[in-house]
Amino acid sequence: MTATDMNPTQSDMPISGKPVILCVDDDRDTRRALCEQLRANFGNDYQIQSVASAAAALTTIHTLISHNIDIPLVLSADVIDSDAHGVDDVLESSTGSSASSTSLVQDVTTSSGIVSSGIVSSKVASSGRALIRRLHDTLPDTLTILLTQPEQAAHVSARLSDLTDVDEMRLYRYMVKPWEPTDLRITVGQALRSFVQARELRDQQASLEIANKDLQTLIRAYDRFVPDEFLAYLGKTSITDVQLGDQVAQEMTILFSDIRDFTSLSEKMTPQENFNFINGYLSQMQPFISKYHGFIDKYIGDAIMALFPTHPNDALDAAIGMLTSLGEYNEGRPKRERIRIGIGLHTGATMLGTVGGENRMDSTVIGDAVNLSSRVEGLTKVYGASLLITEQTMQGLRDPNAYAMRELDQVKVKGKRKPITVYEVFETDEYDLKVRKEASLEYFAKGLELYREQKYTDARAMFYEVLQLNPKDKAAQLYRTESSKSSVYGRLWNE
C-alpha cells in the first residue's frame with residue numbers, strides 16, 4: 001500500500017498544518033493517478049490525501065478537524081462499490097430531515113446494516129453524493145467535485161440540469177472519468193481559489209461586523225457627550241461631520257437648575273460620596289428632560305442646563321416633573337438632609353454651535369436667553385421659590401391658567417433697558433403652602449402693584465395681609481421689609 005492509499009488515523013495523520021485535498025475512490029489506480037496530478041500541481045501548498053471508502057473519508061475528515069486542518073476540497077467518485085458494508089445505509093438515511101446531529105464517525109461505526117455484494121443497489125450507486133451531502137453538514141465551506149464513470153455520462157448532463165440536486169449537495173462540479181489533466185488542474189485551481197476567496201470574504205465580513213459593533217459602541221459613547229438632538233439641529237448625522245464653528249439659530253426654552261447649599265452638603269461627604277450623590281441626583285432628574293422632548297446641554301457640577309426646542313409647555317412640565325421626583329427622592333433618604341433645588345426657565349433666541357480650537361472643541365448654546373435663564377434660576381434663592389419663569393415663557397404657554405402661578409417681580413438685567421417680568425410657579429409646593437399662596441393671590445398682586453407705584457406704606461399693608469394668610473411666604477416677607485425701607489430711603493432693592 002502506498003502512502004496515498006493509507007487510511008489515516010489519529011496517530012499517523014500528517015499534521016503539517018497545510019490544508020488537505022481529499023480524494024475518495026474505490027479504484028486504486030484512479031486514486032493514484034488523481035493524487036499524482038494533484039500533488040504535482042498543488043503539492044507545495046496543500047496536503048493530498050486519498051481513501052478508498054466513504055467510511056474512511058469520514059474518519060479522515062474527523063481526524064483533520066480534530067487537528068484544526070482545513071479541507072478546502074473533496075473529490076469523490078459518484079459510485080464507491082467498496083462501501084457496500086453498511087456505510088451507504090447510514091449515509092442515505094442520515095441525509096433526510098431527521099438526520100442525527102451526532103458525529104460523522106459515530107454514525108458510521110455504529111452502522112450494522114449489510115448490503116449484498118452481488119447487488120448494486122441505488123444506495124451503493126449514490127454513495128458519493130450521500131457522502132458529499134453528509135460532508136456539508138459538518139463542513140459547509142468545503143467545495144466538492146463528483147467524479148463519474150464514462151457510462152454515466154448521459155446521466156451527468158441530466159444531473160447538471162437538475163439544479164435542485166446540485167443545490168442540495170452544494171456541489172462545485174461534476175467531472176467525467178478519465179479526466180483531462182488540464183481540465184482537472186484548471187477546475188481544482190478555480191475551486192481552491194473560490195474556497196480561499198470565500199474564507200477571506202467571510203473573515204472580512206466578520207471583521208466588518210466587529211468594526212461596526214465597535215463603531216456603534218463609540219457612537220453611543222459620543223451620544224452621552226454630544227446629544228443626537230444637538231447634531232440634528234446642526235444638520236449633522238454623525239459626530240464625525242461636526243466642524244469647528246458650525247452653528248444654527250433656534251428659539252428655545254432654556255432650563256437651569258441648581259442644588260441649594262450644595263457646598264455645605266458636599267463638605268460633609270467624601271469625594272466618592274460626592275460623586276455617588278451627584279450621579280444619583282442627576283439620574284433622577286434626567287428622565288423628565290428626555291420625557292418632555294428636551295436634551296441636556298451640559299452638567300455644571302450639580303447644576304443642569306437643558307434645552308427644549310419644542311414648546312415652553314414641555315420645559316415647564318419637565319421642571320414640575322423634576323421637582324415632584326425630588327420630593328420622592330427625599331422621601332427615599334429619610335435620615336439625610338433634604339435636598340432643595342431652584343429651577344429657572346426663559347424662552348428666547350439662541351445660537352447652537354461648536355466653540356474651541358481644532359484639537360479641542362465643545363458643543364454649546366450662547367445668547368442673551370442663556371444668560372437670562374441662569375439669572376432667573378439664581379433669583380429662586382432670593383425669593384425662596386423652587387421654580388421661576390420669565391414673561392416670555394409664560395406667554396408661550398398654551399394655557400397659563402392651568403398652572404398655579406403668580407407674578408413675582410420685574411427684574412433689571414445687565415445690558416437690558418426693559419426689566420424682565422418673573423413669575424413663580426408653585427405647582428409643586430407642599431399642599432398647605434400651595435393652598436395659602438392661592439388664597440393670598442389678590443393681596444399679593446395688589447401689594448406688588450402698590451410697590452411699583454412707590455406707595456410703600458399701602459404696599460406694606462397688603463403684604464402684611466398676605467403673611468396673615470401665609471406666614472411662610474418668603475417673597476411677601478421680602479416685599480414687606482423692602483416696603484418699610486423704601487418708604488424712608490426710596491426703592492433701592494433689585495435695581
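Let's start with the sheet: five strands line up in the order β2-β1-β3-β4-β5, forming an open sheet with parallel pairing. At its edges sit β2 (47–51) and β5 (173–176), and each of these pairs on one side only. Ignoring direction, neighbouring strands here are turned by 20 degrees against each other on average. Keep in mind that this is a predicted model.

Zoom in on one pair of strands. Strand β1 (residues 20–24) runs parallel to strand β3 (residues 73–77), and four bridges connect them. One residue to look for is Ile21, whose bridge partner in β3 is Leu73.

Here are the strands with their residue ranges:

| Strand | Residues |
|---|---|
| β1 | 20–24 |
| β2 | 47–51 |
| β3 | 73–77 |
| β5 | 173–176 |

Next, the empty space inside. The count comes to one cavity of 30 Å³ or more, and the largest cavity holds about 40 Å³ of space. Its lining is made up of Ala77, Asp78, Val79, Leu147, Thr148, Gln149 and Lys177. Sorted by class, that lining of the largest cavity has three nonpolar, two polar and two charged residues.

Finally, have a look at helix α13, which covers residues 312–331. How far apart are its end C-alpha atoms? They are 29 Å apart, which agrees with the 28 Å that the 20 residues of α13 should span at 1.5 Å a residue. As for its surroundings, 15 of the 20 residues of α13 are buried, so this helix is largely enclosed by the rest of the structure.

Notes
Residues numbered from 1 in each chain as written. Predicted model: local features only at pLDDT ≥ 70, side-chain atom pairs only at ≥ 80, totals over all residues. Heavy atoms only, no water. 1 Å grid on protein atoms, 1.4 Å probe; cavity = no way out; pocket = protein on both sides within 12 Å on 5 of 7 lines; lining within 4 Å. Points joined across faces, edges and corners; volume = space filled by probe spheres on them. Nonpolar A, V, L, I, M, F, W, Y, C, P; charged D, E, K, R; others polar. Helix = DSSP H or I, 4+ residues; strand = E, 2+ residues; numbered from the N terminus. Expected span 1.5 Å × (residues − 1). Buried < 20%, exposed > 50% of the residue type's maximum accessible area, 1.4 Å probe, protein only. Pairing = 2+ DSSP bridges. Axes fitted to C-alpha atoms, helices over the stretch in contact; angles between N-to-C directions.
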